[in-house]
Each structure stands twice: as structure tokens, then as C-alpha cells.
Amino acid sequence: MLLPKKGLSKEELFKLLDEIAANDVDWSSGRVFGYVFDPGREPIEVAEKALLKFYHKSGLDFTVFPSLLKMENDIVDFAIRHLNGDENAAGTFTSGGTESIILAVKAARDYARKKRKIKNPEMIVPETAHAAFHKAAHYLDVKLVQTPVNPTTMKADVKAIEKAITKNTILIVGSAPCYSHGVIDPIEEMSEIARKHGILFHTDACMGGFLLPLFRELGVDVPPFDFSLPGVTSISMDLHKYAYAPKGASVVLYRTRELRKYQYFACSRWTGYTMINTTIQSTKSGGPLAAAWATLNFIGKEGYLEFAKRKLEAVQKVVNFIENHPDLELITKPEMTLIAFTSSTVNIFNIIDEMNHMGWYIQPALKYGKSREHVHLSINYSNVFKIDEFLDDLSQAIERAKMSPSGTLLKKVKPLLAVVKTIGLKGDTLFKLMKIAGLEGGKLPDRFAPINEVLNELPPQLREELLIEFTNMTFR
Ligand SMILES: Cc1ncc(COP(=O)(O)O)c(C=O)c1O
């Protein structure tokens, strides 16, 4: 792009933006089962108004915009109460689950450096824990020790965790629930082991932190996962998921203020302003914080309970459908609103493509560890109004998927993959692979099923290399 010599008119500009957006999924259609958490028009209008009102205020310095300090303290105070913390607990508003997790790992690393003189930190993370922990390990140079899960329940294997503890273990992680299968790890047992060994324990409640206490109020049997357990020392809870705040909203909480200190960063060794950052970002908009504050207060307890009730009903409907469908099977019984299902008779990647062509978005997940390749559904409030239509279309998509070809691309690229598996991605192999797959020039394919079938057969490290190469070619 070149800058236009003379700026565009507003009309031209917004027409262009509409054209640019023409191929995006319609996030407000209720037909998207992932990425989007949509509470409906009115709460969104309120959030947008609050977002714009505070968008230009900077969170870089809380002494200049005390409104941002006040709203952050309100949100953190609410979150601590929601998750059974006491007056010693503390927290931070962050831009999302990944930032909350990176900060919790940084706090654990720096705490262990200071208090336990640990130089080569390790953290124990079950196979089902979110990829953000791998990213944190990568960024912060912490060794990630992965432990298996029970192949039936998909919950963390407690014995394997205890066995993996070394003198360098700084943190053990559990999910409430994990993203992929929607089940809650045995947090009580896991955090007790951590406490016995003097190790910190993080509950990743990015998905469930807000919703699970509401489910409990509705009579669902939710096991303890929060600060009510003495071994839990930090928790991540996203607000841009089931609290329906617009994107850029999460909190990371600590059992004590003392522990939170290790998350902070201050710098006064340069020639500019003295910097004290509570988060990874330095300059940051006050908009997402204000929007989250407004959303929580606009929807309120009764509103959220009503949303939660409707989601419970919708999940039950989808689970019944899958359990009674001859071609589908649940990977495990979900405990919240995240569902993983697969098939032994139909290519699930074809089912996903068929659904996408019918205007739905459902998400593929490749096989890994104890988990088979599957379809992931995150059920949110806007989906509940479309569930019957969704299930009708899913029935049709399954029948169409049975007629679609399977394995053709995989057969074509097998000789090249054999080379890649032995000598790695060298020379123009990637280019050749992309050409065969119809991906040259960074263009996106019409059908993703053949690509997913190929990725599914590759070892994770090769998948990662391919994804990085492809993305590196796709972005300018
Ligand atoms: C359990 C869990 N943890 C962490 C994350 C990462 O959150 P974000 O995408 O907001 O960075 C997610 C995202 O789906 C999640 O489900």
C-alpha cells in the first residue's frame, strides 16, 4: 500500500473497509462456535460506548488517569471475591489469557529465583493445558515438563505430575476447564501435591473462572478449583470469554500481594520517564478496561445467571445429539460449555468443511498425545438461539462428508513428507508442498480438510515448522 496523496473521504474509506471485510465470518450471526463471545446487541452497544469513552486514555501511568486505576481495582476486587480470595489476594487486569499466563509464569520464575535460588526453572504442565504455557516457557526460558492425561476422562494424571517434580520445579499447572475437552483437572489433589512440596500452583481458569461459580449457583456439581484450596497460588480468568467483555480483557490473580510483586517490572536506568509496568504492554488503551467494567455492571448477576442457564440447556442438547448419533462420539463427557467430538466412520475434517460451506464455523483440532483429532465447539450465549438449526445442518453435513473424497492430498504429498521427516524442511520442499496443496502465493484454500489431514499425520515439531513457514510467506 502507498499512502494516498490526499486522504480518502469518509465514504470512500468505509466502503473500502466493508469490501476488505467481505470474506470474514459473521461474528454476530450466532453461527460461530469459537473465537467470539457475543452477549447480544444491547450489552455490546454499552461496551462500545464505554470503550470509545476511554479509548484514548493511556494505562501507561495510573497517576495521570486515576479513572483507570479505580476501574482496575473494582474489577480485580470483584474477581477475587468471585474466586474465594481473601484480603491478602491481589491481581492485575491484562489484555487476555495469554498475557495473564505469561505474567503468572514470570512471577513464579522470579519468585523461585529470589526465594529458592533456582537457576534452571521447570514447570509441570499436563498435555491438555493451553498452548499459552508453551509460549510462556519459550519467552521466559522456563523448561516445560509435559505430563499425560487419563485417556478416558482427559484429566491430568496426578501420579505422573508427582513423579515429574524435581528440585527445579517452580510451578504446577491445572485447567478449570481445559480448552480442548472442557474438563476440570483434579485441582484439589494437584494443588495439595504442590503445597506439600513447597511449589506454586496455577489454576488456568481463563475459560471457567467466571462461569463455573455461576453453574455452581444453578446447582451443577463443580469441584473446587480456586483460592478456596490452600495450594492454589495464582489464577487466570478471562473476561473476554464468558463474562462477554470485548476483546482485550482478562485478570491474573495471586494469593498474596507479595507474590504479585514478582510480576511487576520497573526501570529507572534510562533518560526518559521512570517506568513501572504491571503488565507486558506499557502504553495501552484504557478502552478494554472500561468496556469490561461497563459490561460486568450492565449485565449484572441476574443477567449472567440467565445466560449461564441457557448455555447449560444448549450444551445438554448438543451432548444428547452426539451421544445418540451413530457416526459421532464424544471424546469425553464435557463439564462446562466446551465440547470435543469425533467420528470413527466419517472424516471429521470433511464435516468441518461442509459446515463451513453451510455458513457455520466449527473448529478442527489435530491429534496429540492421548487425544484424537476432533471437532471443538465453544458454546456461547448467541449460539443458544441457533442450536436446533445447527444440529439439523450438522446431520446433513455428516451425510455430505461421507461422499467427499478423503486422503487424496495426503497420498500425493506422502513421498515429500517422507523426505521432510528424515531431513527436515530444507531447500524448496515447503514451496513444492504448498504448490501441491494449492497454497502457493499465500492464498487460502477453499477446502481445509485435505490440509488438516496432512497436518494430522505429521509430528508436532514439523507441523509447527510448516505453520511458521506458511505464515511467514502469507504476511507481508
Ligand atoms: C483454558 C485457556 N487458557 C488460556 C487461553 C488463552 O487465552 P487468550 O486467547 O485470551 O490469550 C484460552 C483461550 O482459549 C483458554 O481456553
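**View 1. Helices H13 and H15 are therefore oblique to each other** (angles under 35 degrees count as roughly parallel, over 145 as roughly antiparallel, 65 to 115 as roughly perpendicular and the rest as oblique). The model is predicted: local features need pLDDT of at least 70, side-chain atom pairs count only at pLDDT 80 or more, and totals for chains, interfaces and linings use all residues. Residues are numbered from 1 along each chain as its sequence is written. The axes of H13 (residues 408-423) and H15 (residues 449-456) cross at roughly 50° and come within 8 Å. The crossing of H13 past H15 is right-handed. Thr408, Leu409, Leu410 and Val413 of H13 meet Pro450, Glu453 and Val454 of H15 (contact: C-beta atoms, placed from the backbone, within 7 Å).

**View 2. Helix H10 has a kink of about 80°, centred on Gly300**. The bend at a residue is the angle between axes fitted to the seven residues ending there and the seven starting there. H10 (residues 287-324) has 38 residues, and its end C-alpha atoms are only 45 Å apart. A straight helix would reach 56 Å at 1.5 Å a residue (1.5 Å times one less than the number of residues).

**View 3. Helix H16 (residues 460-474) has the span expected of its 15 residues**. Its end C-alpha atoms are 21 Å apart, which agrees with the 21 Å expected at 1.5 Å a residue. The number of buried residues in H16 is 1, so the helix lies largely in the open (buried: 20 or more other C-beta atoms within 10 Å of a residue's own; exposed: 12 or fewer; partly exposed: in between; C-beta atoms are placed from the backbone).

**View 4. Gly427 lies in the loop between H13 and helix H14 (429-436)**. Gly427 counts as exposed because it has 9 C-beta neighbours inside 10 Å.

Definitions and conventions. Helix = DSSP H or I, 4+ residues; strand = E, 2+ residues; numbered from the N terminus. Axes fitted to C-alpha atoms, helices over the stretch in contact; angles between N-to-C directions. Left-handed = near helix turned anticlockwise from the far one by under 90°. Contact = placed C-beta atoms within 7 Å.
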